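Here is a model to look at together. Take a moment with it, and then we'll go through some questions about why things get the names they do.

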Amino acid sequence: MKKKPPPSVWGSLALMGQLGFTIAIPLALGAWGGSYLDGITHTKSLYLLLGLLLGLIVGVYGAYRLFSRFF
Amino acid sequence: MFLQWRLQSFNIPPDVIFTPFGFSITNTLLCTWITLVLLVIIIYFGTRKRNIIPSGFQNFVEWGYEGILNLVVGVVGREKARRFFPLVGVFFFFALFANLLDILPGIDTIGWVDQSKVLAAHLNPPGSFLLSGAYTSMIIPWFRPPTTDLNVTFAMALISVIVTQIFGFVALGAGQHLGKYFKFKELFTNGVQGPIEFFVGIIELITEISRVLSFAFRLFGNIFAGSAVLAVFAFLVPALGNIIFIPFEIFVSLVQALIFALLTLVFMEMAVTSQEHAADESEHEAEEEYVHNEEKELATSH
């Protein structure tokens with residue numbers, strides 16, 4: 001096992017700052033797109049929930065990808 | 001009456017201050033130009049003499065430049081730093097100076113008097129150029145920090161993401177780079193896992209796009225909020241409150257500029273490494289760099 005250089009402190013802090021946005025923005029986009037589709041199709045909240053679910057999946061996967069370089 | 005001031009209203013869109021030839025010049029655009037001119041002046045005077053042994057102002061400019069350069073080299077290694085540093089460095093210094101305008105006196109407080117508001121409040125035009133009383137909340141400021149305008153930060157975020165994509169295309173080739181997002185090959189070859197991997201590729205594409213928003217809103221939100229905090233505390237605790245908040249804003253300006261530049265750097269590095277040997281090359285290079293620096297430090301400390 002070769003010795004890895006410690007990741008730079010500032011680089012890591014910057015990534016921490018990105019974590020919240022990575023989770024929040026797909027959620028918000030999913031909710032917005034879902035409610036827009038609900039408005040078009042006159043469904044009650046089917047697409048809103050689907051959009052939220054998709055946003056959640058994207059957010060969690062994005063967060064995993066963001067930090068996978070450290071594992 | 002004379003010593004009464006009112007807190008100005010905070011509007012998110014910037015105000016138009018001149019319209020020469022029908023082209024609207026906003027206060028943030030004016031400050032963007034000021035920032036650029038300031039940067040050019042600093043670089044000009046910092047590199048005018050170029051002594052081998054720097055001193056004075058040249059030393060200061062080199063210190064700032066080398067600080068960022070070493071940070072970039074530490075994250076991606078020397079080879080890639082040569083490609084990435086021009087953009088990352090410009091992002092850092094532009095964002096830093098744009099943010100730091102926030103703490104200068106005169107920002108948000110010098111400007112035209114908004115005649116429509118004066119008329120709406122049934123007041124006479126102000127008598128002198130020093131405003132007091134109700135007029136103080138009717139200013140259209142001439143100067144407003146560029147990064148408190150969503151247009152500026154959005155443009156920076158777009159440049160960051162698009163250039164990252166270009167680096168990805170150049171480093172990996174169109175096929176492999178697009179293959180990160182559209183996994184048609186895996187869809188048909190990997191059996192049951194195929195559709196999942198295809199879906200993951202699409203997710204990757206969405207995160208890529210949502211990064212424009214996260215970059216733009218982080219910088220905009222932090223600096224806009226900082227500017228609002230400075231204004232509010234100037235009214236809540238006159239003279240004393242900002243003894244705490246101006247240093248804090250200087251810190252926030254530095255950190256936000258650094259975060260914007262470093263995140264751009266990190267994502268560029270992610271874009272140019274293919275997924276199969278992600279982390280291999282660059283880590284190897286960064287490791288060599290690290291060992292090299294350690295040796296140098298040891299040598300100088302003895």
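**Reading chain A and its partner**

Buried residues make up 27% of the 71 residues in chain A. This is a predicted model, in which local features need pLDDT of at least 70 and side-chain atom pairs count only at pLDDT 80 or more, while totals for chains, interfaces and linings use all residues. Residues are numbered from 1 along each chain as its sequence is written, and chains are lettered from A and ligands numbered from 1 in the order in which they are written.

Q: Why is Asp108(B) called buried or exposed?
A: A residue is buried if 20 or more other C-beta atoms lie within 10 Å of its own, exposed if 12 or fewer, and partly exposed in between, with C-beta atoms placed from the backbone. Asp108(B) has 23 of them within 10 Å, so it is buried. You'll find Asp108(B) in the loop between α3 (78-100) and β3 (111-113) of chain B.

Q: And what makes His42(A) buried or exposed?
A: His42(A) has 6 C-beta neighbours inside 10 Å, so it counts as exposed. His42(A) sits in the loop between α1 and α2 of chain A, and its phi is near 55°, a positive value in a residue other than glycine.

Q: How do you know whether the span of helix α2 of chain A agrees with its number of residues?
A: Helices are DSSP runs (H or I, at least four residues), as are strands (E, at least two), numbered from the N terminus. The expected span is 1.5 Å times one less than the number of residues. For the 22 residues of α2 (residues 46-67) that gives 32 Å, and the end C-alpha atoms are 32 Å apart, so the two agree.

Q: Where do the buried residues of α2(A) fall, seen down its axis?
A: The buried ones include Tyr47(A), Leu54(A), Val58(A) and Leu66(A). They fall within an arc of 140° (taken from the directions from the helix axis to the C-beta atoms), so they line one face of the helix. The face turned away from that buried side carries the exposed residues Leu46(A) and Tyr64(A).

Q: Why are α1(A) and α2(A) called roughly parallel or antiparallel?
A: Their axes come within 7 Å and cross at roughly 160°. Angles under 35 degrees count as roughly parallel, over 145 as roughly antiparallel, 65 to 115 as roughly perpendicular and the rest as oblique. That makes α1(A) roughly antiparallel to α2(A).

Note on methods. Axes fitted to C-alpha atoms, helices over the stretch in contact; angles between N-to-C directions.
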